[in-house]
2 protein chains.
Amino acid sequence: MERLPGFRDFYPEPLPHEDVWSADARQYLFDRWRGTARRYGFREYDGPPLEPLELYTTKSGDEIVGQLYNFADKGNRAVSLRPEMTPTLARMVAAHARNYRKPIKWFAIPQLFRYERQQKGRLREHFQLNADIIGEPDLSADAEMLALLIDVLRGLGLTSEDFCVRLSSRRAWHEFYVHHHGEPGQAYDFYQAIDKLGRESTEESRKKLGAIGFQLDAVTSFINEGRPTPDLQAILDNLNARGLGEFVKVDYHVIRGLAYYTGVVFEAFDKKGEFRAIAGGGRYDNLVKLISGNKVDLPALGFGMGDVVLLELLKARGLLPRFDAGLDVYCLIEDEMLRGESLRLVQDLRGAGCAVEYPLAPAKPDKQFKRALELKCAFTARLERAAAGNLLVKLKDLATREERILTPAEVVQTMAKG
Amino acid sequence: MERLPGFRDFYPEPLPHEDVWSADARQYLFDRWRGTARRYGFREYDGPPLEPLELYTTKSGDEIVGQLYNFADKGNRAVSLRPEMTPTLARMVAAHARNYRKPIKWFAIPQLFRYERQQKGRLREHFQLNADIIGEPDLSADAEMLALLIDVLRGLGLTSEDFCVRLSSRRAWHEFYVHHHGEPGQAYDFYQAIDKLGRESTEESRKKLGAIGFQLDAVTSFINEGRPTPDLQAILDNLNARGLGEFVKVDYHVIRGLAYYTGVVFEAFDKKGEFRAIAGGGRYDNLVKLISGNKVDLPALGFGMGDVVLLELLKARGLLPRFDAGLDVYCLIEDEMLRGESLRLVQDLRGAGCAVEYPLAPAKPDKQFKRALELKCAFTARLERAAAGNLLVKLKDLATREERILTPAEVVQTMAKG
């Protein structure tokens, strides 16, 4: 039986096949995401992976709705697997906004689902770090968000040689749109056309923009000029003060496909241009109000960073460690008469915080030792009964091959963690 | 807009409402689960939360199939949210069994979904620690599994006063069944009747057992006698050798509802009998063969431990810590002229591994200090420009109220983590 197309199985390393993913690398990534977000004062939240369908149809942005994993549950409710986290966040914040001091700084690591038409390598699920600040209109929140994004990537070993955050502004584009007499009802089409610039042919872009009364040349010269708005300049100044200026640049190509962005928007890319965007986000000051049915009105902004592109990038740059079981001790049981005493030693070592493995069933000594090496254990421990009847342990460091003879209690004391 | 009934929202503590769950407690539990499993040499894996429906209809155990979140996806595949992890594990092991040395020791922390009829407090999803050993027929594997189960609970602060693991055997019940001339085709009904003993009326039990040719008295006297089979005795001896004997007892009431168990089965309960089972598992030596379509035949065993009962129990016993943002430093910005320099200090402290918060927007000094206290920060740090023009930091320990004056570099050095 096979897993569904577009879904992933995560195995422990070393991986048995190129078609599966590393559960160890995934956990490493989640730990780093979590650690950096916490250093920034963000708190973790999560919602259900299954939500009312209405949560996604309420807001515009039809490109998502066509790709939902939606169905009727056994109570005949219209439900959907979550395609993104922001609507859940807006729902949760709206429900209990009064109980939290603003600004709220929250993060989550949800698995998200989209039924995209199957293309080579395209997945239908991924994990995403979502970090958001809610209730702070000041641009300092936008800068804080960008600093977190940059530090999450730096925390994984990526440098300013590896990635860049492209900074843009929906407001700047909105002003451009109004200045060039765009029809209010066609703004979304305009944003979509900008979003696709460079990804479709010049002719196609010219045609699409022309259809809503815009000239491609005016658009490209606005982009090429790339003059920071006062908002963007304030953010750049803030990041420069932190020493993070080298990681960002203004780039009006970025506009973000989703309909709900209102202010600053940004995307992170690998500098060699080999991969799709590593992360993207921006301000969505009206979404909480929309989701809450006008009950709660809070400015908000955030970003999402998926695991797929990021793991590919880290792998390509040689920044993913190799993972093993991280075992401290392999307890050799060469004398089956000492199995009970060996089990006690295993138990005591584990109780002292060590990761310990041993032969579950009787096995030949050389096979046991080979197993200890395969598992990359740091030490082996072998119980022996001394002539006087007392128990001794031969503790061997597998890196140096040094061997010490200790009592069981001394072994536990020597190996105990923190 | 509301979340779906039977699903949970996880918020950061302090919780805004009794109707929501703690994301912090959840993460604490996951960390402990993960840590103990790793000390036992178990490796993490995961599969998709959505699987082919067939994966659950292949094996018997109809009680699950009626409660599936199943639907047809946009490619018209019959799919289902996973109601349990074992079929996914069997599928993954069957796919790549040759590439792993046996025994395979794996764990996962999946979210599982069942559409149970809505009862007071009954959830339709939960998280579960799943730990399994595959490829080891020796009873030492059963003992290792039980030792892990016990240590996971001990690692959360629970003692032998709080919980007990009830040990039983499908094989013992099978022998009883054969000895009493049970019809081979009715064994599943028999197991179901045993499983419900004590949970339904004596009359009901007597009737059900009578219908398949069994006397309730014979059944209860077998249970009350409670004589360990040689298999169970071997496991008890193993656990006694580890010093874990006080946590287990033989109890033939336990039989486990699922159809696929073949050998030793067990359940962990709180000793006061206030909660449903904390965990349960056993041997399922035929499942990998069944799921792999006879391609791979490996003995296996494992257990599942859900988050819901466990969190309730820990809460009731006062064993759940209170969680906060775990902030090391709140950087006060009293002089807005020093915001840039303060941002640099924030950045440097975070770079040194500290969790740091600061006022995003300008705020009055007393409000900032109050915020630092609310957030339970360990220290405040306040930049000042000395008369000579150099920068100084007033670093205040909020527990002792001691204040030191240091240079920014000294503060970073003092506060740096590991």
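Start by selecting residues 70–72 of chain A: this is strand β5, and three bridges join it to β6(A), with the two strands running antiparallel. Keep in mind as you click around that this is a predicted model.

Stay on this pair for a moment. Show the side chains of A:F71 and A:V79; A:F71 stands opposite A:V79, which sits in β6(A). Now follow the turn. β5(A) and β6(A) form a hairpin with five residues between the strands, and in it A:N76 is worth a click, since its phi is positive, near 65°.

Next, add residues 78–81 and 50–52 of chain A to your selection. Which way do these two strands, β6 and β4, run relative to each other, parallel or antiparallel? They pair in the antiparallel sense, over three bridges. For a landmark here, pick A:L50, which stands opposite A:L81 in β6(A). So far, then, β6(A) has turned up with two partners: β5(A) and β4(A).

Time to zoom out and color chain A by secondary structure. You should find 15 helices and 19 strands. What does the radius of gyration say about the chain as a whole? For chain A it is 28 Å, well over the 22 Å that the globule rule gives for 418 residues, so the chain is more spread out than a compact globule. Turn chain A along its principal axes and its C-alpha trace spans about 100 × 55 × 45 Å.

Color by burial next, if your viewer can do it: buried residues account for 44% of the 418 residues in chain A. A contact map is a good companion view. Take the contacts in chain A between residues at least 6 apart in sequence, and 66% of them join residues at least 24 apart.

Now bring in chain B. Superpose it on chain A: a rotation of 180° with 0.0 Å of shift along its axis does the job, at an RMSD of 0.0 Å. The two copies are thus related as by a two-fold rotation axis. To locate that axis, go to B:F71, whose C-alpha is the nearest to it in chain B, at 3.2 Å.

Last stop, the interface. Select the residues in contact across the two chains: 73 come from chain B and 73 from chain A. On the chain B side, coloring by class gives 34 nonpolar, 13 polar and 26 charged residues. Why can we say that the copies meet through the same surface? Because 100% of the interface residues of chain B are also interface residues in chain A.

Note on methods:
Residues numbered from 1 in each chain as written. Chains lettered and ligands numbered in written order. Predicted model: local features only at pLDDT ≥ 70, side-chain atom pairs only at ≥ 80, totals over all residues. Contact = placed C-beta atoms within 7 Å. Nonpolar A, V, L, I, M, F, W, Y, C, P; charged D, E, K, R; others polar. Helix = DSSP H or I, 4+ residues; strand = E, 2+ residues; numbered from the N terminus. Rg over C-alpha atoms; globule rule 2.2 N^0.38 Å. Buried ≥ 20, exposed ≤ 12 C-beta atoms within 10 Å, placed from the backbone. Least-squares fit on C-alpha atoms with pLDDT ≥ 70 in both. Pairing = 2+ DSSP bridges.
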